[in-house]
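Colleague: I should like a close look at a single part of this structure, namely how its strands pair in sheets. Please begin with one pair of strands and then place that pair in its surroundings.

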Amino acid sequence: MTMISPLSGVLKHSLLACSAVAVLAAATPALALGQMSASRPIAFGIESQSLETALTGFARTADVQVVFTPELVRGKRGGRAVGVMAPAQALRQILAGSDLIATQVGERTFSVSQASAGATDAATLDEVIVTAQKRAQRIQDVPLAVTVIDGADASRRGIDSVAGLVDEVPGVSINYAFGGTNYGLISIRGIGGADDYKPNGNPSVALHVDGVYQTSNAYLGMPLFDLDRVEILKGPQGTLYGRNTTAGVINAITKGPGDVVEGSGRVEVGSYDYTVMEAAVGGPLSDKVGVRIAVLAEQGGGFMTGAGAGDLADFRPIIGGVVQTQVPAIVDPGRREGFGDKDVFAGRATVAMSFTPGTSLTLKLFGSRDRGDTRQYDRISAALDSNIANAGENDDPYEFYSSEYPSQSIDIYGASGILEHRLADNLNLAVIGNVQGAERSVQGNGDGSPYPASRFDADEKLSQTSLEMRLSDDTGGRLDWIAGVFYVSDDIDFDTHWTSYTARTKYDNLHKQRRNSFALFGQVDYDLTQKLTLSGGLRYTRDEATFSGRNDDLNPWGISTFTTTFATTNPFVWDRAFEDDNVSGRVTAKYAFTPSLNVFVSAGTGYRGGGFDGTSIFTQAETLPFDSETVTAYEAGLRWTTPRLRMSLDAFSYRFKELQATTRLANDTNGRANVGEAESKGIELAVNAVVFETPNQTLDLDIAAAFLDTEILSFSSARVAEVLSTVGDPLPGAPDVTATASLNHGLTLDNGWRLNSRLSVSHHGEESNRLNAAPGNTAEAYTLLNARLELETSANWAMYAYGRNITDEVYFPELNGASRLVGAPATYGVGLRYNF
């Protein structure tokens, strides 16, 4: 696949502005603004010549991108385009007589494809352009497993965070087993569900927002809105993305200024007093500068009922039959309906500047503020649970007992910029810089009880600085290449205050981590023949980290068993360092049987840097760094695209060494360690089809499914019984089957009105949430049914209504022994949307 772009194809888009101060976003690949208009007449002087050369000249003259496969244009001659005309008209003249057509698929991007016989009025699928390989390509030409959800579709599905991708994208899951709902672990294809839930960990899934790598899973709480699209790259990405991508990459790409003033706004109300308001406006201030502002406010939606402290109200520990009156009694906060409300405000501002036809700069400022309720666990009924932590639970999964109703304080903010400059006709430079941070204050008591066996108050401060520089030649011909350098530094200070009836005390964990990572990378794509393309890439990564901290037993009640319970000393102090390097890479062969059918095979390696456990550390052995994790990956895929059908089929097999996982340690606390070897293999299928299309009606069908087989091959533990019970088990966060299907119908009414409807179903298979999983840590499969109806008027207004989980299925995304996290019941809403 070839992309011709005078600006190297990809500008960046916005991320968000928060609180009272508008804060602005991380650089992401969006499309070059150039002269701000792809429709303005331009003087062309392109004579008849080879089609590939003609398209190259057209892209440079019009300052746009042209995306096509090399085999599509080889041996063909381009027509003459001379005179002042709109770029689209010039492109039609160049393609005249070639049996090819051009479709505008972005603000400044055209895609060239084969014209089908008699296809003028035939039903066709929209062209999908992605930047998964850090340049614009048609999705069917990318030799990777990539799932794309465009921004409008994400809004229709209610995807407003990374966690919202679960049950919408097969093969993606989330695990909250260890740290509660503020410490989710995203997994792709079964990898990531055993990650470190603390903010200093190394997530297996690398989140990028507008091209900027997010160094901590703390950034998973960043709201996603005003999206252009979300790209999910499945499988190890050891070349172009590097460290901590053994499961894959999620690229969230937000909208930027267009070539005309446009915008949108929507207001929505739903079940459980849910409301959301979103607005965005953008466009050119001049022929050199464009601006876009987007804001989001989200409130309510809490569907849980707090029943107070129940039977544990006024409870104090009893030792040797003596009530410990020096210990404050458990407080009963009273009953509270509608707990779990959201309280989010976010904003984003983007300024895009075009200095010359070959030089552009995009600056972003972003931020979000979250003061919502911290979603709580429920416990199974008291009849089935004799544990002291049970406060008299009934069978209602939407009612829980607690001594408090905690809210969270999460602020994420930052700035970024991307400079793109054409050094020569076939040499482009991109520089992406970012500074951002987060402050979080969260509380939890993950056993779904008022009983503070291990209740925590966590205060976390994060900051990161990153810089990426890339040189590329992607202007056509038989050889495309990209080379770059990447550096990121992040600092994390996180302190946790614990109240533990288990250890009869209160104690503090104080942690500081500093981490630097440097990488060199490159990839070459070479058309060996008109049909066969070979690709190869390498990445060298070097990681360094320091980790220090201390534990202090406060012993406020004079009855502490801290040192004996945790087999530690008081205070306990540590100061450690870690460094490692790695070379990872990938080789791929892609064969195009026809312009619409191609297959690929690949082999590669991935790397997840070693580091430090961020949980409660009590012994010297726990302060030692764990080793880096590596994976060997083999994949094969098929892509078949016609005007009415797009199909992808992928098969994969991964083998992991030095698997990093959170597991039970020798002192019965949860911690991070290298636990052995594992494998993940499976098959994924996706089909998008136009079932029929008439002048007044359309019906589309989307089906996607992932079938996983994961296994722990070896497990390191001093407990023989745990080794025997763990080897052969599936990995955490690895449902065996996940699938989605949707029917999308459109009907044009009188006066230009249109009625759109969507009916979708998603299935999420059984999965465990930890190694050594007992039956109480394995969630059953569930199936959800959703529906949406929208009426669009000819004046750009739209009214819509939706229902999610409309069968009101009771399901548990998380089982954690006697505690459980229940999914949302049936919810309904209506909204009003306006585009201009």
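Modeller: In this predicted model, strand E14, which covers residues 205-209, pairs with strand E15 in the antiparallel sense, and two bridges connect them. One position shows the pairing residue by residue: His208 stands opposite Tyr213 in E15. The pair belongs to an open sheet of five strands, whose order is E11-E16-E17-E14-E15. The pairing within this sheet is mixed. Its edge strands are E11 (145-150) and E15 (212-213), each of which pairs on one side only.

A second open sheet may be read in the same manner. It has three strands in the order E24-E21-E28, again with mixed pairing. Strands E24 (336-339) and E28 (399-400) each have a single partner strand, so one side of each is left without a neighbour in the sheet. Strand E21 (residues 304-306) runs antiparallel to E24, and two bridges join them. Here Gly306 stands opposite Arg336 in E24.

A further strand, E31, spans residues 455-473 and contains Asp473. The relative accessible area of Asp473 is 10%, so this residue is buried, the cut-off being under 20%. Beyond its neighbours within four places in sequence, Asp473 is in contact with Asn426, Leu479, Asp480 and Trp481.

Strands also take part in covering a helix. In helix H3 (residues 87-95), the residues Pro87, Ala90, Leu91, Ile94 and Leu95 are buried. They lie on the same side of H3, because the arc they cover around the axis is only 130°. A general rule helps here: an α-helix has 3.6 residues a turn, so residues three or four places apart point the same way. The cover over the buried residues of H3 includes helix H1 (51-62) and several strands, among them E2 (42-46), E5 (77-78), E6 (81-85), E7 (100-106) and E8 (109-114). Just after H3, Gly97 takes a positive phi of about 80°.

Finally, a word on confidence. The protein chain averages a pLDDT of 89, and 92% of the residues score at least 70. Two stretches require caution. Over residues 4-37 pLDDT stays under 50, although the model has 219 contacts beyond four places in sequence for them. Over residues 117-121 pLDDT also stays under 50, and the model has zero such contacts there. Where pLDDT is low, the predicted coordinates should not be read in detail.

Methods:
Residues are numbered from 1 along each chain as its sequence is written. This is a predicted model: local features need pLDDT of at least 70, side-chain atom pairs count only at pLDDT 80 or more; totals for chains, interfaces and linings use all residues. Side-chain values use heavy atoms; hydrogens and water are left out. Two strands pair if DSSP finds at least two bridges between them. Helices (H or I, at least four residues) and strands (E, at least two) are DSSP runs, numbered from the N terminus. Buried means under 20% relative accessible area, exposed over 50%, partly exposed in between (1.4 Å probe, protein chains only). Contact means heavy atoms within 4.5 Å. pLDDT is the predictor's confidence in each residue, from 0 to 100. The arc is that of the directions from the helix axis to the C-beta atoms.
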